[in-house]
Amino acid sequence: MNWSRIKTIFIIVFLVLDLFLLSQFVDKRNSNQLGLLAEATLEDQLRENDITYPELPKDPIQETYITGSSRTFTAEDLVNLEGQQAQILNKTLIYSKFEEPVPVPENSANWLETFVSKHMISGEDYVFWGFEEKSRMLIFFQQYEDHTIFYNENAVIKIILNEKNEMIEYQQTVLTDLEEMEVDADQAGSFTALKAIENMFIRNEIKHGSTITQVDLGYYTLISDSQVFVPTWHFIIDNKENYFVNAIEGHIIRDSAKWSEE
């Protein structure tokens with residue numbers, strides 16, 4: 001065996017391997033630099049258009065699709081609803097009237113959430129969303145691991161007020177057995193909050209001089225009438241308009257849902 005020849009072959013192999021590893025390193029570095037450049041360019045464009053936003057989480061999210069089912073209520077569920085005349089409709093809906101109207105203090109989001117947690121089934125899982133003035137309805141959305149499930153009829157509490165701003169009745173639905181779905185790696189959340197803002201910006205959903213006043217992550221119904229939910233970025237623009245961006249595919253969902261008293 002010619003040792004000199006073998007040594008030459010090894011040298012050539014290692015040289016080729018080094019060149020390959022070097023090319024991989026350069027490609028990765030260039031990719032990272034392009035990503036940083038694109039991010040910097042977007043931030044410059046937002047600044048030039050006088051669009052401001054709070055500090056954002058920078059990393060891609062880890063959340064993925066979740067699924068659940070509507071809770072079926074029983075007479076036993078109603079036993080602890082004191083001071084109420086409650087009944088079950090269609091197995092999955094509670095309709096209840098308060099025996100005495102309950103006054104609502106002003107600026108009372110925290111008070112309302114505490115009241116709901118004490119007086120409604122699994123009330124600690126709900127967060128105050130807002131007030132529909134036309135129907136005089138307080139809306140509370142259910143949460144999953146501190147992330148809000150937006151606008152789903154199977155995960156909501158709707159409380160009706162009288163003209164004196166007193167709670168008189170409510171409806172409630174509950175999602176149960178909520179859990180993450182097993183999906184491929186490419187179906188996990190991939191859109192950062194800044195990338196979601198970029199999607200809105202290039203589609204002229206964010207106007208010159210706008211202020212993004214709130215950013216949070218929740219879930220939106222993937223397909224109407226389904227119990228599958230996709231991670232979704234929620235933005236409030238100028239303290240009044242709600243926007244939702246699919247955190248996996250980047251689709252924009254403009255808030256047009258206005259619920260009325262049923």
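Reader: Hello! Is D44 buried, exposed or partly exposed?
Author: Welcome! What you see above is a predicted model. A residue is buried under 20% relative accessible area and exposed over 50%. D44 has 36% relative accessibility, so it counts as partly exposed.

Reader: Which residue forms a salt bridge with D44?
Author: A salt bridge needs a side-chain nitrogen of Lys or Arg within 4 Å of a carboxyl oxygen of Asp or Glu. The closest N and O atoms of this pair are 2.8 Å apart, and the partner of D44 is R47.

Reader: Where do R47 and D44 lie?
Author: An α-helix has 3.6 residues a turn, so residues three or four places apart point the same way. R47 and D44 are 3 residues apart, about one turn, and both lie in helix α1.

Reader: Is R47 buried or exposed?
Author: The cut-off for exposed is over 50% relative accessible area. R47 has 57% relative accessibility, so R47 counts as exposed.

Reader: How many salt bridges does a search of the whole structure find?
Author: One of them is the bridge between R47 and D44. Another joins the side chains of K158 and E153, at 3.1 Å from N to O. The search of the whole structure gives a count of 4.

Reader: In the pair K158 and E153, which residue is buried?
Author: E153 has a relative accessible area of 37%, so this residue is partly exposed. Its partner has 5% relative accessibility and therefore counts as buried: the residue is K158.

Reader: Which residue forms a salt bridge with K195?
Author: K195 is partly exposed, with a relative accessible area of 35%. Its partner counts as partly exposed too, at 24% relative accessibility. The two lie in helix α3 (residues 193–202), 3 residues apart. Their closest N and O atoms are 3.4 Å apart, and the partner is E198.

Reader: How many of the residues of α3 are buried?
Author: Among the buried residues of this helix are L194, I197 and F201. Helix α3 is largely enclosed by the rest of the structure, because the buried residues number 7 of the 10.

Reader: Which residue just after α3 takes a positive phi?
Author: Follow the chain just past the end of α3. There a phi of about 60 degrees is found, and the residue is N204.

Reader: Where is the place of Y53?
Author: Y53 is partly exposed, with a relative accessible area of 27%. Its contacts include L194 and I197, two buried residues of α3. Along the chain, its place is in the loop between α1 (3–48) and β1 (66–70).

Reader: How many Å apart in space are Y53 and T211, C-alpha to C-alpha?
Author: In sequence, Y53 and T211 are 158 residues apart. In space, the distance from C-alpha to C-alpha is 5.9 Å.

Reader: How many aromatic pairs does the structure hold, and is the pair of W111 and F115 stacked or tilted?
Author: The structure holds 13 aromatic pairs. For W111 and F115, the ring centres are 5.5 Å apart and the planes meet at 20 degrees. Planes under 30 degrees apart count as stacked, so this pair is stacked.

Reader: Of W111 and F115, which is buried?
Author: These residues share helix α2 (residues 109–119), about one turn apart. W111 is partly exposed, with a relative accessible area of 34%. The buried one has a relative accessible area of 11%, and that is F115.

Reader: Which parts does the pair of F150 and F244 tie together?
Author: The ring centres of F150 and F244 are 4.8 Å apart with planes at 55 degrees, so the pair is tilted. F150 is buried, with a relative accessible area of 0%, and F244 counts as buried at 0% as well. The pair ties together parts that are 94 residues apart in sequence, because F150 and F244 lie in strands β6 (residues 147–150) and β12 (residues 241–246).

Reader: Which residues do ring pairs link into a cluster with F150 and F244?
Author: F150 and F244 form a tilted pair. Ring pairs link these two into a cluster with W129, F141, Y151 and Y220.

Reader: Last one: how many helices and strands does the protein have?
Author: We have visited helices α2 and α3, along with strands β6 and β12. For the protein as a whole, the secondary structure comes to 3 helices and 13 strands.

Conventions:
Residues are numbered from 1 along each chain as its sequence is written. This is a predicted model: local features need pLDDT of at least 70, side-chain atom pairs count only at pLDDT 80 or more; totals for chains, interfaces and linings use all residues. Side-chain values use heavy atoms; hydrogens and water are left out. Helices (H or I, at least four residues) and strands (E, at least two) are DSSP runs, numbered from the N terminus. Buried means under 20% relative accessible area, exposed over 50%, partly exposed in between (1.4 Å probe, protein chains only). Contact means heavy atoms within 4.5 Å. Rings of Phe, Tyr and Trp (its six-membered ring) pair if their centres lie within 6.5 Å; planes under 30 degrees apart count as stacked, over 60 as edge-to-face and the rest as tilted.
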